[in-house]
Amino acid sequence: MKNPTLTQLQNRKSIRHFTGDAVSEEDLETIFKTAQRAPTSINGQQISLVYTRDKAKLQTIAKLCGGQEHIAEADVFVGIVIDFNRTSAIVESVGRNHIIEQSAEGIMVGAIDAGIMLSQLQTAAGALGYGTTAIGAVRKESESFIKLFNLPAKTFLALGCIMGVPTEKAKNAPLKPRVALETFVMQERYESEKVRQGALAYEETLKAFREQTGSGSMPTYEEITASYYADIYYRKTAQSLVSQGFAFKDE
Ligand SMILES: Cc1cc2nc3c(=O)[nH]c(=O)nc-3n(C[C@H](O)[C@H](O)[C@H](O)COP(=O)(O)O)c2cc1C
């Protein structure tokens, strides 16, 4: 039996081409209400969303994210904010100091909850027929986003999500392949050699996909991962986290 949730999740893909039509206010509210049902660590609810559909701001965000034109083309940009300002309010109300943001654990909690929120937003928007793409490049110029969205201490814009009505072409585009399932999921124990072989084989898969789909500008696995992970690509993240009151003082 076909299951609509599985069908949707199995067909999810990033959408970077939009018709220019609007995400209705009613749908946006449904997406936000649905997103809020996401689980959060200790029910801390240390995530807030800040969004804009202001065209000039979308252009600014596109530029800040390294010239990602699809951001300017989208109807809505939603910023996913790690929000220890909220939890501080309640901790400080009982006369205690909120310090979790000064630890690797706090940063992990915030990043994990932000990722879950992204998934929930993408799923809710997708269920209503909208296209989305995650935008991690907001961390390229964190300080500018802090100003743009008026983010107080103990908050940090972890990532963004753009939304809009997908073009027919984008809707019908093929799904990007993944590494072989058996090199992604392992029973009982991690197998490093299998994972390595899977990564190397995936390079060929992605090359073939690029050829078949005529997506000449799409980087291969080797090209994209080496261009990012053989470098520390956003070099201001630590500095911006510190300026917002985050730190690594776990010991
Ligand atoms: C945390 C995160 C950050 C991302 N940042 C960007 C981004 O800044 N710009 C972009 O175009 N895509 C971004 N993506 C989308 C990925 O490139 C995309 O998910 C990946 O290529 C797989 O393609 P698919 O989503 O179509 O399956 C991001 C995805 C995630 C999960």
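With which side chain does the side chain of Thr220 make a polar contact? In this predicted model, the partner is Glu203, whose side chain lies 2.8 Å from that of Thr220 in a polar contact. Thr220 is placed in the loop between α9 (192-213) and α10 (221-229), and, because its relative accessibility is 1%, it counts as buried. When neighbours within four places in sequence are left aside, the contacts of Thr220 are with Glu203, Leu206, Lys207 and Arg210, so that Glu203 appears both in this list and in the polar contact between side chains.

The nonpolar interior of the model may be described next. The largest nonpolar core holds 29 residues, of which Val23, Ile31, Ile80, Met117, Leu121, Met163 and Phe246 touch the most other members. Two or more residues of this core are given by each of the elements α2 (25-35), β2 (76-83), α6 (104-127) and β4 (155-164), and the largest share, 8 residues, comes from α6. Apart from this core there is a second, separate one of 23 residues, which includes Ile15, Val81, Phe145 and Ala170.

Two of the residues named for the largest core can be followed through their contacts. Met163, with residues up to four places away in sequence not counted, touches Phe18, Val23, Leu28, Ile31, Ala74, Asp75, Val76, Val78, Leu121, Ala125, Gly131 and Thr132; among these, Val23, Ile31 and Leu121 are also listed with the core residues that touch the most other members. Met117 is placed in helix α6 and counts as buried because its relative accessibility is 7%, below the cut-off of 20%. Its contacts, again leaving aside neighbours within four places in sequence, are with Ala35, Ala38, Ile47, Leu49 and Ile80. The C-alpha atoms of Met117 and Lys154, by contrast, are 18 Å apart in space, with the two residues 37 apart in sequence.

Strand β2 also holds Phe77, a residue that is buried because its relative accessible area is 0%. Beyond its neighbours within four places in sequence, Phe77 is in contact with Val50, Tyr51, Thr52, Leu58, Ile61, Ile71, Val138, Phe149, Gly160, Cys161 and Ile162. Between the C-alpha atoms of Phe77 and Ala199, which are 122 residues apart along the chain, the separation is 33 Å.

The loop between α2 and β1 (47-52) contains Asn43, and Gln45 and Gln46 are placed there as well. Asn43 has a phi near 55 degrees, a positive value in a residue other than glycine, and, with a relative accessibility of 54%, this residue counts as exposed. Gln45 likewise is not a glycine and has a positive phi, of about 50 degrees; its relative accessibility of 36% means that Gln45 counts as partly exposed. Gln46, on the other hand, counts as buried, because its relative accessibility is 2%. The residues touched by Gln46, not counting those up to four places away in sequence, are Thr40, Ser41, Val81, Ile82, Asp83, Phe84, Thr87, Val109 and Asp113, and one of these, Val81, is included in the second core.

In the loop between β1 and α3 (55-64) lies Arg53, which is partly exposed, with a relative accessible area of 23%. A polar contact of 2.8 Å joins its side chain to that of Glu25. Glu25 is also among the residues that Arg53 touches when those up to four places away in sequence are not counted, the others being Ala22, Val23, Leu28, Leu58, Asp75 and Val76. Ala153, which is 100 residues from Arg53 along the chain, has its C-alpha atom 25 Å from that of Arg53.

Finally, the second largest pocket has a volume of about 330 Å³. Its lining is made up of 13 residues, and the closest of these to the pocket centre are Asn11, Arg12, Gly126, Tyr130 and Lys171. Helix α6 and strand β3 (131-135) each supply at least two residues of this lining, so helix α6 contributes both to the pocket and, with 8 residues, to the largest nonpolar core. By residue class, the lining of the second largest pocket divides into 3 nonpolar, 7 polar and 3 charged residues.

Definitions and conventions: Residues numbered from 1 in each chain as written. Predicted model: local features only at pLDDT ≥ 70, side-chain atom pairs only at ≥ 80, totals over all residues. Heavy atoms only, no water. Helix = DSSP H or I, 4+ residues; strand = E, 2+ residues; numbered from the N terminus. Buried < 20%, exposed > 50% of the residue type's maximum accessible area, 1.4 Å probe, protein only. Polar contact = N/O pair within 3.5 Å; in protein donor to acceptor, adjacent residues only side chain to side chain. Contact = heavy atoms within 4.5 Å. Core = buried A, V, L, I, M, F, W, Y, C linked by side-chain atoms within 4.5 Å. 1 Å grid on protein atoms, 1.4 Å probe; cavity = no way out; pocket = protein on both sides within 12 Å on 5 of 7 lines; lining within 4 Å. Points joined across faces, edges and corners; volume = space filled by probe spheres on them. Nonpolar A, V, L, I, M, F, W, Y, C, P; charged D, E, K, R; others polar.
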